Amino acid sequence: PQGTRYEAEHATISQGTVESDHAGHSGTGFVNYDNLIGSYVEFTVTAASAGTATLAFRFANGTTANRPMDIAVNGSAVAAGKAFNGTGAWTTWQTTTVSAQLDAGPNTVRATATTAGGGPNLDYLEVTA
Ligand code: GCU
């Protein structure tokens, strides 16, 4: 089935800024996480029914250092220290996926930086039931 895309620039952002200076992003921009532990982006995603979904995060990391993040759904960790490795350039966007259980109706999906580098630049979350 077709996934539903949630742009990071429309999500709830804690300690990050919406920017658009690196080409190739979807929508009107992306989130540049502040370079610190605990910065996060939280999406509200709506599922038609309860069940397993694939959460695809599109990101860029122009450094050579991993920018790991904890992924939590409805406040519970589903992937601790998920790797967001260097993509080669800030204009090179890649997707990494996590599988998670969603409830019917609204769910929160939060991606929180766990190292001092902060998160990568985050473009969107795409959810496929
Ligand atoms: C650069 C880059 C930003 C990025 C930042 C970082 O400033 O232009 O888009 O977010 O590095 O290291 O997080």
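Which backbone nitrogen does the side chain of Glu9 reach? In this predicted model, the side chain of Glu9 comes to 2.8 Å from the backbone nitrogen of Thr28. Glu9 sits in the loop that links β1 (4–7) to β2 (12–14). Its relative accessible area is 10%, so Glu9 is buried. Beyond its neighbours within four places in sequence, Glu9 contacts a run of residues that includes Ser26, Gly27, Thr28, Gly29, Phe30 and Val31. Val18 and Asp123 are also in contact with Glu9. Phe43 lies 34 residues away from Glu9 in sequence, and the two C-alpha atoms are 10.0 Å apart.

The UniProt record, an unreviewed entry, lists residues 4–128 as "domain: CBM6". Strand makes up 57% of this span and helix 0%. The C-alpha atoms at the two ends of residues 4–128 are 6 Å apart.

A ligand is also present in the model. His22, Asn32, Asn35, Arg67, Trp90 and Asn121 surround the ligand. By class, this shell holds four polar residues, one nonpolar residue and one charged residue. Three polar contacts can be described from the side chains. An N or O atom in the side chain of His22 lies 2.8 Å from a ligand oxygen atom. For Asn35, the corresponding distance to an oxygen atom of the ligand is 3.0 Å. Asn121 places a polar side-chain atom 2.8 Å from a ligand oxygen atom. On its own, the ligand has 320 Å² of accessible area, of which the protein covers 71%.

Conventions:
Residues numbered from 1 in each chain as written. Predicted model: local features only at pLDDT ≥ 70, side-chain atom pairs only at ≥ 80, totals over all residues. Heavy atoms only, no water. Near = heavy atom within 4 Å. Polar contact = N/O pair within 3.5 Å; in protein donor to acceptor, adjacent residues only side chain to side chain. Areas by Shrake-Rupley, 256 points an atom, 1.4 Å probe, with all protein chains shown as cover. Nonpolar A, V, L, I, M, F, W, Y, C, P; charged D, E, K, R; others polar. UniProt positions renumbered as here; feature names shortened; annotations may be inferred. Helix = DSSP H or I, 4+ residues; strand = E, 2+ residues; numbered from the N terminus. Buried < 20%, exposed > 50% of the residue type's maximum accessible area, 1.4 Å probe, protein only. Contact = heavy atoms within 4.5 Å.
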